[in-house]
Amino acid sequence: MKSLLSFGCGNMAQAIVEGMNKSSKELEYFLYTPSNTRAIELAKVVSGTHVADLSKIPECDFYMLSCKPQQFEELAKSIKGKLKPSATIISILAGTTTETISKSLGVSKVLRVMPNTPSLVGAGVNAFYFTDEVGSEERHFLNDIFSGFSKVFTFEKEEEIDLITGFSGSGPAYIFEFSRILTEKMVSMGIARDIATEMIKWTFYGSSKLQLESSDSSEELRIKVTSKNGVTYEALEVFKGEGLEKIVDMAIDAAYNRAVELSK
Ligand SMILES: NC(=O)c1ccc[n+]([C@@H]2O[C@H](COP(=O)([O-])OP(=O)(O)OC[C@H]3O[C@@H](n4cnc5c(N)ncnc54)[C@H](OP(=O)(O)O)[C@@H]3O)[C@@H](O)[C@H]2O)c1
C-alpha cells in the first residue's frame, strides 16, 4: 500500500483524490488544508486521515501540491525539509514549473500535472510531465492510478504543459459557458428552465459520446447535421460571419499568454 498526502483539498484535489479512490484501493490518503474543514470532509469520503497542522508531516510516497499557485510560496516555507526525501511530488499548480517546485522544496522527483474537473465523474483529461529523476516504477504507478478516472497524456517537453492548459485544463469552462448561453437563449424563447437545462446537457453529452464512438472527424459529424440552407446551416453561417473561429483563436492565445506569464 502506498500513501499520498494532499496539501489543499479544493475542487481539483477533491476530483483527483475521489477519482483515485474510486478506481483503486492501492493508496492511503492524508489530507491537509489550513482551515481544516475541506480536509476533514474529504478524509471522510475517502476513509483517509486528516492532517491537522504541518508541524509533523507523515512520511508518504507521494505529496500532492493542490493549493492555488499564489499560495505555494507560503506552503513551501512550511514544508521544505519535512518531506520524505525519496517521495515524488505531484503538482497540479497551473503555470508553476518543476524547476520552481524543485528549488522551493529541495526535491528532484516531480510530476507536473494539468488536470481538469471531469475527473470527478471518471472522465478527466490529465497531462503529465515528469522530471528525469522520477523512476519507471513510479511513472507506471502514477499512470495507472490516474488512468482509472481519466485519459492520461504524457509530454516530453515541459513547455507543452503551458500550451495544453488553455485546451484541456480550461476546456470544461468553455463548454459550460456555451451550455449556459444556449440554455438562457432557450429560456428567453419560452421553454421552461428545467427542460431547457436538461435538453442542453443531454445535447452536449450525446454529441461528445457520438464524437468519441464515431470514426468520423468532428467536421464530418458537423456536415452530417447540416443540410445546405437548412436550420443548422443558417446558425453556422452566423458563427462564420461573426467570426467564431477568430474569437476562439484569440481566447486560446490569451489563455496561453497567461499560462506562460504564470510560469515565469
Ligand atoms: N479548478 C480547475 O479546473 C483546475 C484545472 C487545472 C488546474 N487547477 C489547479 O488546481 C489547483 C487548485 O485549484 P482549485 O480550483 O482546486 O482551488 P480551490 O478550490 O481554491 O482550493 C485550494 C485549496 O488549497 C488550500 N490552501 C490554501 N492555502 C494553502 C496553503 N498555504 N497550504 C496548503 N493548502 C492551502 C485551500 O484550503 P482551505 O480549504 O482551507 O481554503 C483549498 O483547500 C490550482 O493550483 C489550479 O491551478 C485547477
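**Close-ups of a predicted model**

**View 1. Helices H6 and H7 meet, their axes coming within 5 Å and crossing at roughly 30 degrees.** This is a predicted model, as are the views that follow. On the H6 side, the contact is built from Gly166, Phe167, Ser168 and Gly169, while H7 brings Gly171, Pro172 and Tyr174. Sorted by class, that gives 3 nonpolar and 4 polar residues, with no charged ones.

**View 2. The second largest pocket holds about 980 Å³ of space.** Its lining takes in 39 residues, and those closest to the centre are Met12, Ser66, Cys67, Lys68 and Pro69. Five helices turn up in the lining with two or more residues each: H1 (11–23), H3 (72–79), H6 (159–169), H7 (171–188) and H11 (244–263). H11 gives the most, with 4 residues. As for chemistry, the lining splits into 21 nonpolar, 14 polar and 4 charged residues.

**View 3. Here is the second largest pocket again, this time with the two domains in mind.** Domain 1 (2–156) and domain 2 (171–263) each give residues to the lining, so the pocket lies between them. H6 and H7, the pair from View 1, are among the helices that give two or more residues to that lining.

**View 4. Residues 8–95 carry a UniProt domain annotation.** The unreviewed entry labels this stretch "Pyrroline-5-carboxylate reductase catalytic N-terminal". Over residues 8–95, the chain is 34% helix and 18% strand. The C-alpha atoms at the two ends of the stretch sit 17 Å apart.

Technical notes: Residues are numbered from 1 along each chain as its sequence is written. This is a predicted model: local features need pLDDT of at least 70, side-chain atom pairs count only at pLDDT 80 or more; totals for chains, interfaces and linings use all residues. Side-chain values use heavy atoms; hydrogens and water are left out. UniProt positions are given in the numbering used here, feature names are shortened, and annotations may be inferred rather than shown by experiment. On a 1 Å grid over the protein atoms alone, a cavity is a set of points where a 1.4 Å probe fits but cannot get out, and a pocket is an open set with protein on both sides within 12 Å along at least five of seven lines; lining residues have an atom within 4 Å of a point. Grid points are joined across faces, edges and corners, and a volume is the space filled by probe spheres set on the points. Ala, Val, Leu, Ile, Met, Phe, Trp, Tyr, Cys and Pro count as nonpolar, Asp, Glu, Lys and Arg as charged, and the others, Gly among them, as polar. Domain bounds come from an automatic or database domain assignment. Axes are lines fitted to C-alpha atoms, for helices over the stretch in contact, and angles run from 0 to 180 degrees between N-to-C directions. Contact means heavy atoms within 4.5 Å.
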